[in-house]
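Work through these exercises with the model in view. Try each task before reading its solution.

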Amino acid sequence: MNSHEIGSRNPKRSSDILRFIDQVEKTLASSGKFGRFGGIVVPETLITCLKKLEAEFNLVLHDPEFQNELSIALKDYLGRETPLYLVERLTNYYKNENGEGPKIYLKREDLTYGGAHKINNAIAQAMLTKRMGRKIIVTTTGAGEHGVATAAACAKLGLDCTIFMGNKDMERQPSNVHLGAQVKSMFGTFKDATSEAIRNWVENLEGSYYLAGTTVGPHPFLSMVREFQTVIGKETREQAMEKCGGKPDVLVSCVRSGLNALGLFQQFVRDENVRLIGVEAVGNGIDSGNHSATLAKGKVGVYHGTMSYRLQDDENQIIEPHSVRVGLEYLGVSPELSFLKDIGRAEFYSATDEEALEAYTRLCRLEGIFPALEAAYALAYLEKLCPGLANGTKVVVNCSGLGDKDAAMVFKYQQGKIKSGHKESN
Ligand SMILES: Cc1ncc(COP(=O)(O)O)c(C=O)c1O
């Protein structure tokens with residue numbers, strides 16, 4: 001079977017799933033493809049630049065000096081490792097009348113410097129930029145976290161930083177990106193800002209660097225971002241062995257484009273008895289036509305230089321995504337998650353804005369932890385998941401960020417000033 005056929009059907013059989021995963025791993029470095037997804041779908045003029053980047057990335061992967069510098073930054077600048085924390089009161093909340101239920105753990109990415117998982121990847125790519133002798137970074141942010149992470153990494157490394165942000169996202173999520181970065185507002189949302197950042201980068205390919213904030217875009221961005229984010233899963237694996245005496249049984253993450261989900265899942269992809277669950281945001285509901293459920297409702301197409309599921313209509317025109325959370329709106333999704341969905345290795349479900357807002361409040365009330373609203377979509381799915389799980393099942397939810405940024409929105413929601421499924425601005 002050639003790589004085009006992988007993932008083009010849904011095998012479900014365990015031996016097929018592992019074979020497909022192994023096949024992709026063998027060819028990924030050269031093709032950047034996950035079955036029929038991923039790859040490089042860009043104009044000829046960009047190829048040389050992407051090839052240079054790929055070569056440099058392959059070098060740093062095996063360079064002890066770079067790896068040592070990175071692990072010091074992760075530990076001393078970002079404050080890793082982040083805890084794997086048993087949320088006892090939430091665990092009790094999901095117990096049945098016989099006192100039985102799963103054990104719920106949070107991977108506390110909210111405790112990373114900057115308050116979200118984004119910085120794991122941003123710091124590593126900024127170090128790579130410096131190593132390549134470039135001095136200018138351009139990037140884009142939706143909810144602001146990747147912007148803060150990149151601005152911090154650039155300040156630390158003495159790099160010039162420009163961040164593009166859609167004016168609609170800026171209104172909804174006033175950004176706290178300072179740290180010496182230049183923030184450029186442009187008309188639209190995250191997808192428009194991403195296109196603008198890439199255009200800006202293309203104008204100065206030799207001098208600048210486009211710092212991809214998530215697992216979309218042409219190869220080698222897909223492999224790079226995934227590699228730099230996999231620290232979440234590596235830590236989780238070790239911590240679970242130590243704290244729970246074995247691997248987790250179920251991993252749950254919210255999904256916009258896939259950074260935090262792959263960061264957690266990647267290390268467990270070959271452990272077939274570990275369930276991988278991604279939760280997409282669906283506004284008022286999956287059939288409301290007002291959602292960000294790219295994996296559930298998307299069609300295969302090319303977007304931002306790569307092949308994956310994307311939200312598009314019957315004429316192949318893109319459809320605007322929606323969520324009450326800016327950080328979950330994107331009309332494309334990671335090619336790797338698209339592949340894992342197609343081969344039946346990962347499961348994808350959805351949560352409405354209302355369910356997420358309730359999950360946010362529940363975690364605050366029971367545990368005194370503000371999850372980022374994005375992570376609250378993952379937490380919301382526990383309502384459906386937990387009743388069906390055997391006693392003692394170990395569930396890890398990726399608490400991908402800190403939710404103090406969302407407190408005002410949740411307060412307004414609670415006061416009835418905003419309705420779920422409704423964007424505050426635009
Ligand atoms: C805290 C947080 N979690 C999750 C996400 C979703 O993005 P991804 O699926 O790329 O991890 C975002 C996006 O901005 C975010 O800020």
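**Exercise 1. A strand pair**

Task: In this predicted model, find how strands β5 and β6 pair, and over how many bridges.

Solution:
- Locate β5 at residues 136–140 and β6 at residues 160–166.
- The two strands pair in the parallel sense, over five bridges.
- Take I136 as a check: D160 in β6 stands opposite I136.

**Exercise 2. The sheet around that pair**

Task: Give the strand order of the open sheet of four strands, and say which strands stand at the edges.

Solution:
- The order is β7-β6-β5-β8, and the pairing is parallel.
- β7 (182–186) and β8 (208–210) stand at the edges.
- Each of these two has a single partner strand, so one side of each has no neighbour in the sheet.
- On average, neighbouring strands here are turned by 20 degrees against each other, direction ignored.
- Now add a helix: α8 lies across β5, β6, β7 and β8. α8 runs at about 160 degrees to β5.

**Exercise 3. The sheet of six strands**

Task: Find the order of the open sheet of six strands and the kind of pairing in it.

Solution:
- Read the order as β3-β4-β14-β9-β10-β13, with mixed pairing.
- The edges belong to β3 and β13. Each has a single partner strand, so one side of each is left without a neighbour in the sheet.
- From one strand to the next, the twist averages 25 degrees.
- Look at β10 and β13: six bridges join them in the parallel sense.
- Within this pair, the bridge partner of E280 is S350 in β13.
- Helix α13 (residues 335–342) packs on the sheet and touches β10 and β13. The direction of α13 makes about 105 degrees with that of β13.

**Exercise 4. One residue in an edge strand**

Task: Decide whether F348 is buried or exposed, and list its contacts beyond four places in sequence.

Solution:
- F348 is found in strand β13.
- Count the other C-beta atoms within 10 Å of F348: there are 21. A residue with 20 or more counts as buried, so F348 is buried.
- Leave aside neighbours within four places in sequence. F348 is then in contact with V255, G278, E280, L295, A296 and K341.
- Take L295 from that list. F348 and L295 are 53 residues apart in sequence, yet 7.3 Å apart in space, C-alpha to C-alpha.

**Exercise 5. A hairpin and a positive phi**

Task: Describe the pairing of β11 and β12, then find the residue of their hairpin that takes a positive phi.

Solution:
- β11 (residues 299–303) and β12 (residues 306–310) run antiparallel, joined by five bridges.
- K299 has R310 in β12 as its bridge partner.
- The hairpin has two residues between the strands. H304 takes the positive phi, near 45 degrees.
- Most residues other than glycine have a negative phi. H304 is a residue other than glycine with a positive value.
- H304 is also buried, with 21 other C-beta atoms within 10 Å.

**Exercise 6. Cis peptide bonds**

Task: Where do the cis bonds R80 to E81 and H219 to P220 fall?

Solution:
- Omega is about 10 degrees for the bond joining R80 and E81. E81 sits in the loop between α3 and β3 (84–86).
- Omega is near 10 degrees for the bond from H219 to P220. P220 is in the loop between β8 and α9.

**Exercise 7. Two helices**

Task: State which residues are buried in α10 and in α15.

Solution:
- α10 (residues 231–244) has 14 residues and reaches 19 Å from its first C-alpha to its last, close to the 20 Å expected.
- Its buried residues are V231, I232, G233, E235, T236 and A240.
- G245 follows α10, with a positive phi near 70 degrees.
- In α15 (residues 373–380), eight of eight residues are buried. They are L373, E374, A375, A376, Y377, A378, L379 and A380.
- The cover over α15 includes β9, β10, β13, α14, α16 and β14.

**Exercise 8. The domains**

Task: Give the bounds of the two domains and the number of residues each brings to their contact.

Solution:
- The domain assignment gives domain 1 (41–75 + 118–226) and domain 2 (79–115 + 229–414).
- Their centres, taken over C-alpha atoms, are 24 Å apart.
- Domain 1 brings 29 residues to the contact and domain 2 brings 32.
- By class, the side of domain 1 that touches domain 2 has 13 nonpolar, nine polar and seven charged residues.

Note on methods: Residues are numbered from 1 along each chain as its sequence is written. This is a predicted model: local features need pLDDT of at least 70, side-chain atom pairs count only at pLDDT 80 or more; totals for chains, interfaces and linings use all residues. The expected span of a helix is 1.5 Å times one less than its number of residues. A residue is buried if 20 or more other C-beta atoms lie within 10 Å of its own, exposed if 12 or fewer, and partly exposed in between; C-beta atoms are placed from the backbone. Domain bounds come from an automatic or database domain assignment. Two residues are in contact if their C-beta atoms, placed from the backbone, lie within 7 Å. Ala, Val, Leu, Ile, Met, Phe, Trp, Tyr, Cys and Pro count as nonpolar, Asp, Glu, Lys and Arg as charged, and the others, Gly among them, as polar. Two strands pair if DSSP finds at least two bridges between them. Axes are lines fitted to C-alpha atoms, for helices over the stretch in contact, and angles run from 0 to 180 degrees between N-to-C directions.
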